Structures are given as structure tokens and as C-alpha cells.
Amino acid sequence: SVALSRDRQAIEEEISVAGCDPAIFLAGAHLRQGKDQTSIVGWTMGSMAALRALQQGEVHVAGLHLFDPTTGESNLPFLRRALKSSNYDVVTFATWEEGFLVRPGNPKSIRAVADVADPLVTLVNREEGAGARLMLDQRLRAAGIDSAHVRGYETMVSSHFEVARAIASHQADVGIGIRSAAQLFGLDFVPLQAARYDLVVPKAYLKSHPTLAHLFDTIVSRSFRAEIDALGGYDTTSTGTVHSLA
């Protein structure tokens, strides 16, 4: 026999979310403010890893930001190839700014991807499959730069905050990340593009999970959107928009 260490209802109402946006934890706080006992368990990982975790039934929701330069679209081209199914809802969490995180004052004068290949510049990278890694690789290819010529390319961390922390502690000069991470660690930020961060959820989970729909009600609330906007680098204009994979 198995003895549960927590209340069964609390376990059943727990929502597991894989992705790399730290703001998802704020949604859990807002749920509890509304006298909802639902807790959000965040699994920090890159976009493709989050999608794999969802496909394997390990989490309820996957968050991703994968920008397709061919179509100029975020996420949907990748999801249509990977899922090949209309049994999922894709809901926009927010649009955020992605770019270079650099030390205050930008002492290495990093403005474009070519500057990352300077032998005096040390990069901290994200793991393969992360949206930030994909963006860096796309821009290196477009500029005709071999990643082997980028110092620190093989040095990887697993979140936007870890990129910011490595730069703030002088372990690296630059990394790809989001503006809010730069602001939290007192770094400068060089914007490169805006990308949409979407949440992917199986439609079956929305029907069977007792509180999962509350998460999506929360992110469109005025109070939650105001808090996300205040973090900096987020645009909640499209928050809650549902996209079709058909």
C-alpha cells in the first residue's frame, strides 16, 4: 500500500509546466490569490525538451519560443511538423524581447552577431533545442560564421537566469536571453527580435484536469497581465490568443 504525503486533491489539482519562462510561477501565485489551491510545478528546460516532455505525458503544459525566420512566425511551423495533430491548443502567454545580455555599459561593444565571434569575447550558450540556441545558430549561419570560431559556444546553461548569472559573475561577456533576465541581474540588453512565447496543452487535459482551465483564465486577467508588463520586456497584447494547428 502507498501512503500519500499530501492531500490527494492537492496532488490532482497540481499543474506541471515545462518551459523556460520564469513568469509562469507568477500565474501560480495569482491562482492562489483567487482562493484556488492549485499549485504550478515548473520544470525549467528549453523549448524542444519541453515539447518532448509534453508528448511523453510527463507534464500538462509545454511553453516554447521557436522563431521561424522563413515564415516570420513563432512556434506554429515547428508545432505543425512535430505534433501533426489538432488535439492540442496553442495559447499565447506573452510576446517578449530576445537579444544579447551583456555587462553594464556593454564594455565589449557587442551589437551584432559578428561581435560574438571576436576572440576577446566569451559567450555563454543555451542547450541544444532551446529557443535562444536556435536563434543564435540561425544568426551565425546567416552571417556565415562557424560556431567553432565562437569562444564559449560549447559552454551551456539551462535557463535565461543562468545566462544572466554567468555574465553578471564575469564568467562570460555575452549570451542570448530575454530582457527581464537582464534587468533582474542589472545587465544591459541589446534587443534583436520579438518572439511569442506560447503554451501548448492537450485538449484532453483541459477536459480531464480539475483546475487546468483556471491557469488560462488567470493569464488573461487584467491584474496578471499588469504584473507581467511591469517585469519589462513583455508585451501582453496577444495574451490568451488561441492558435490553430490545422
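L4 has a relative accessibility of 46%, so it counts as partly exposed; the cut-offs here are under 20% for buried and over 50% for exposed, with partly exposed in between. Keep in mind that you're looking at a predicted model. You'll find L4 in the segment before α1, the helix that covers residues 8–13. What does L4 form together with V2 and I11? The three make up a nonpolar patch on the surface, and their accessible area together is about 290 Å².

Now let's move to strand β3, which spans residues 61–64. In a regular strand, side chains alternate between the two faces of the sheet. Here, V61 and G63 point one way, while A62 and L64 point the other way. Are these four buried or exposed? All of them are buried.

Which strands does β3 pair with? One of them is β1, residues 15–19, which runs parallel to β3 and is joined to it over two bridges. To spot this pairing on the model, look for V17, which stands opposite V61 in β3. Another partner is β10, residues 188–202, and this time the pairing is antiparallel, over three bridges. Here the place to look is G63, which stands opposite L199 in β10. So β3 gives you a parallel pairing with β1 and an antiparallel one with β10.

Stay with β10 for a moment, and let's talk about charge. Side chains of opposite charge can pair when their charged atoms come close. How many salt bridges does the model have? The count comes to seven. One of them joins R196 to E73, with the closest N and O atoms 2.9 Å apart. R196 sits in β10 and E73 in strand β5, residues 73–74, so this salt bridge ties together parts that are 123 residues apart in sequence.

R196 also forms a salt bridge with D198, and again the closest N and O atoms are 2.9 Å apart. Put the two pairs together and you get a network of salt bridges linking E73, R196 and D198. How covered up are its members? R196 has a relative accessibility of 12%, so it counts as buried. D198 is buried too, because its relative accessible area is 0%. E73 comes in at 26%, so it counts as partly exposed.

For another salt bridge, find R179 and E97, whose closest N and O atoms are 2.7 Å apart. This pair also links distant parts of the chain: R179 is in helix α8, residues 179–184, and E97 is in strand β6, residues 88–102, with their positions 82 residues apart in the sequence. Both partners are partly exposed, because R179 has a relative accessibility of 22% and E97 has a relative accessible area of 26%.

Finish the tour at A246, in the segment after β12, the strand that covers residues 242–243. Is A246 buried or exposed? A246 has a relative accessible area of 82%, so it is exposed. And where does A246 lie relative to W96? The two are 150 residues apart along the chain, and their C-alpha atoms are separated by 25 Å.

How values were computed. Residues numbered from 1 in each chain as written. Predicted model: local features only at pLDDT ≥ 70, side-chain atom pairs only at ≥ 80, totals over all residues. Heavy atoms only, no water. Patch = residues over 30% accessible without salt bridge, like charges linked within 9 Å, V, L, I, M, F, W, Y side chains within 5 Å. Areas by Shrake-Rupley, 256 points an atom, 1.4 Å probe, with all protein chains shown as cover. Salt bridge = Lys/Arg side-chain N within 4 Å of Asp/Glu carboxyl O. Buried < 20%, exposed > 50% of the residue type's maximum accessible area, 1.4 Å probe, protein only. Pairing = 2+ DSSP bridges.
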